[in-house]
Amino acid sequence: MNLVWYRNDLRVAAHSPLQAALLESSGEEACTPRALAVYCLCQVQWDQHQVAPLRRWYVLQSLRELGETLARRGVDLHVLEVDTFDDVPEALAQFSDARGVTHLYCNREYPLNEKKRDKVVAERLRGQGVTLHGFDDGVLVPPAALRTGKGTPYTVFGAYKKRWDVWMADHHPAVTPAPPECDVSGDFVGAPVVEKALQTLSVPEALTKQWSAGEDAAWQQLDRFVEQNLAGYRRQRDFPDLDATSGLSAALSAGTLSVASCYRAATQAMVDAGSRDGAACWIGELAWRDFYRQIMAQFPRVSRGQAFRPETDLLQWNQDQERFAAWCEGRTGYPLVDAAMRQLVATGWMHNRLRMVTAMFLSKHLWLDWRWGEAFFMAHLVDGDFAANNGGWQWSASAGTDAVPYFRVFNPVRQGQRFDSEGRFIARWVPELRGLDSKQIHEPWKQPLLAPDYPPPIVPHAGVRERVTTAFKAAKTQFDQEQSMGSAMDDNMDNNGKGKA
């Protein structure tokens, strides 16, 4: 019996493990159970990874639809309740042994904890005679596929993107259709587990009603984006008051839509000259997604809470909990920052331009550890994806690969004037400022009587760049000195004949 292990790939179309499992079972009688599927529900692990309640709801709802969809195709999806990843190997081993599983098919995952889990699963199941088959549907280019001339992973996006484009020109990702339905009325066997998990969630309806989970909704959203917004994507994507982005980040993070399907839709749209520029820009965002995944896969320290640039771990961050709470609650006194944070809490999502603005404000204006913000985002985002979230936060804090120069500090007022010039986005999320005109709304402290309920700026913008520059230079100097001292000690040990094999 073939087994498909579902993780963050909750769909039936463009799903290589499912396709392979069914092809290998093609000799079986039509519409009899030709394969099994399994999903390991690890709610304690969700707690440890700070997965947002809204994201849990999105995953569970998508899992429910997937189970029903697979049942109509003669595939039973079982949901195993386990606490953490540590419990997964034993659960899968018992499940496979009881059902005579001989082959396991799954898509690879790249975060450190997931890789450790999968290594143990592979060892355990191979000991039972189960053959494992891994696929890379979660990316367009596998993490280890591209190397520099020195044979090392790419750490600068521009250079990576050039090689990525060459790879994609030679490798056309397959987008296989969903397997055909059978003339059966199968039930989703894992439904009771999913329903119980949904009942234990406490997510306000005001949040859930804003999102449509599942594969069908993802395909509809992709079609709408290509038809309505793809052509203008490059010109309009940075303006948060416009509905100009794809809105597909939640679907991609849960895998209800494959990245190959997105790439195929964009390349097909490029035949239209009017859509070419926007499609090329959006494809660039898919490349960024691959880039952060290969960083996560090749540099496991980022999965341990460490900065990609080790010298930045020497920065002495503030520990001001009151300032952090003001940032979380949208009370910083900077309208665009506050509007963005309120959008996140109210919807479980934030516009990408604003993710950069708010992250840079936390790490550079407030001088608070970027990891605090990273965790807060994960605890609220419906599209919480470790690689993208970590990569974005480290970029904004100038701690990561391809990071913005440490001396670059977004001016939150100018960002608002540039990307929300009329103040429509701000007025939507900061009602205290709705009475101000398009000029006043970006600097309400200049007209305090017009907005008496809005706080003054929590910190001044003036002087931030100089303070950040001094701190980063000091950290780099300290790091270089420590490295030099370490090298000198190693040399001294060698010269004394010690430390040698």
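Helices, numbered from the N terminus, are here DSSP runs of H or I with at least four residues, and the enclosed spaces of this predicted model are described below in terms of such elements.

Under the rule applied, two cavities of 30 Å³ or more were counted. The largest cavity holds about 90 Å³ of space, and helix H13 (273-298) and helix H18 (386-396) are the elements that give two or more residues to its lining. Helix H18 gives the most to this lining, with four residues. The lining of the largest cavity is formed by Tyr292, Ile295, Met296, Val302, Phe308, Ala387, Asn390, Gly391, Gln394, Gly400 and Thr401, and these residues divide into six that are nonpolar and five that are polar, with no charged residue in the lining.

The second largest cavity has a volume of about 50 Å³, and its lining receives two or more residues from helix H15 (335-347) and from helix H19 (412-419). Helix H19 gives the most to the lining of this second largest cavity, with three residues. The residues that line the second largest cavity are Tyr334, Pro335, Leu336, Pro412, Val413, Gly416, Ile426 and His442. Of the residues in this lining, six are nonpolar and two are polar, and no charged residue is found there.

Key: Residues numbered from 1 in each chain as written. Predicted model: local features only at pLDDT ≥ 70, side-chain atom pairs only at ≥ 80, totals over all residues. Heavy atoms only, no water. 1 Å grid on protein atoms, 1.4 Å probe; cavity = no way out; pocket = protein on both sides within 12 Å on 5 of 7 lines; lining within 4 Å. Points joined across faces, edges and corners; volume = space filled by probe spheres on them. Nonpolar A, V, L, I, M, F, W, Y, C, P; charged D, E, K, R; others polar.
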